[in-house]
Amino acid sequence: PASAGSPAGARLHRPGFMKIGLISDTHAAGSGRDLPQPVLDALAGVDLILHCGDLECLGVLDYLETVAPVLAVRGYEDPTEPGDRLADSTRVVQAEGVAIGMVHDIQWPGPRIATTPNGEGLCFPPGSGRKLLARKFGQPVDIVVFGDTHYELVCYYDGLLLINPGSATYPARRRGAGRLGTLSLLEIHGGMVDVRMVDLEAERA
């Protein structure tokens, strides 16, 4: 598993405290530098950025790295690159003793957790959620971060925190050219976690 303390995620921060930006489904074109400035502004001051796929170009990761180190997982048609920055389908990031599982689509790879018909929520199968997600990620996790639906979501499943930061640039809940969406900020302090959804359109207003 990747570690936030590895060279790919190294950054000076207060011992026992870490602030992580969560972002997904940016669908950036060309160089990736078309990411709107309010996205970078919202991520200012984080120690690490986790991107849950549908990049469309690797340049968006380079651009995000002007703010903080980045670890990512691929969406279905995303490019590949050598090294540790971009994982193929799933990865587990260790941050201040908290295991964060990352995947683009919560439904794949299995075991499957289906989305609701409108795409806004999740349909949890019976049984132990912890065991199911440990099978998905190959090890136990404390938090799961995913994307794909473009709907922002924070919920709990068998005591585990699940976060979909939504799409920062193509939100499902707000329509119209140039309208911004959401990302999330995750703080870990002494093993305790707090997550905040950032409405980028409201921040820009």
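Modeller: A polar contact is a pair of N or O atoms within 3.5 Å; within protein, one must be able to donate a hydrogen and the other to accept it, and residues adjacent in sequence count only if both atoms are side-chain atoms. The model here is predicted: local features need pLDDT of at least 70 and side-chain atom pairs pLDDT 80 or more, while totals for chains, interfaces and linings use all residues. Residues are numbered from 1 along each chain as its sequence is written, and side-chain values use heavy atoms, without hydrogens and water.

Biologist: What makes the pair of Arg74 and Asp88 a polar contact?

Modeller: The side chains of Arg74 and Asp88 come to 2.9 Å, and the limit is 3.5 Å, so the pair counts. A polar side-chain atom of Arg74 also lies 3.1 Å from the backbone oxygen of Pro79.

Biologist: Why are the side chains of Asp88 and Arg74 also said to meet in a salt bridge?

Modeller: A salt bridge needs a side-chain nitrogen of Lys or Arg within 4 Å of a carboxyl oxygen of Asp or Glu. For Asp88 and Arg74 the N to O distance is 2.9 Å, so the rule is met. Asp88 is in the loop between strand 5 and strand 6 (90-95) and Arg74 in the loop between strand 4 and strand 5, so the bridge ties together parts 14 residues apart in sequence. Helices (H or I, at least four residues) and strands (E, at least two) are DSSP runs, numbered from the N terminus.

Biologist: Is Arg74 buried or exposed, and how do you know?

Modeller: Buried means under 20% relative accessible area, exposed over 50%, and partly exposed in between (1.4 Å probe, protein chains only). Arg74 has 16%, so it is buried. Among the residues in contact with Arg74 (heavy atoms within 4.5 Å) are Gly53, Leu86 and His104.

Biologist: What do the side chains of Asp62 and Arg85 form?

Modeller: They meet in a salt bridge, at 2.8 Å from N to O. Asp62 is in helix 2 and Arg85 in the loop between strand 4 and strand 5, 23 residues apart. Asp62, at 41%, counts as partly exposed, whereas Arg85, at 13%, counts as buried.

Biologist: What makes the pair of Glu201 and Arg179 a salt bridge?

Modeller: The N to O distance is 3.7 Å, and so the pair passes the same test. Glu201 belongs to helix 4 (residues 200-204), and Arg179 to the loop between strand 12 (160-165) and strand 13, 22 residues away. Asp62, Glu65, Glu81 and Arg85 are joined into one network by salt bridges that share partners. The count of salt bridges comes to 6.

Biologist: Why is Met102 called buried?

Modeller: Its relative accessible area is 0%, so Met102 is buried. Met102 is in strand 7 (residues 98-103) and touches, among others, Leu50, Phe137 and Val145.

Biologist: What is in the largest nonpolar core?

Modeller: A nonpolar core is a set of buried Ala, Val, Leu, Ile, Met, Phe, Trp, Tyr and Cys residues joined through side-chain atoms within 4.5 Å. The largest has 26 residues; Val39, Leu43 and Leu64 are among those with the most contacts inside it. Helix 1 (37-43) and strand 13 (182-189) are among the elements that give two or more residues to this core. A second, separate core of 20 residues includes Leu48 and Ile100.

Biologist: What is the mean pLDDT of the protein chain?

Modeller: The mean pLDDT (the predictor's confidence in each residue, from 0 to 100) is 91. Over residues 1-12 the pLDDT is below 50.

Definitions and conventions:
Lists of a residue's contacts leave out its neighbours within four places in sequence.
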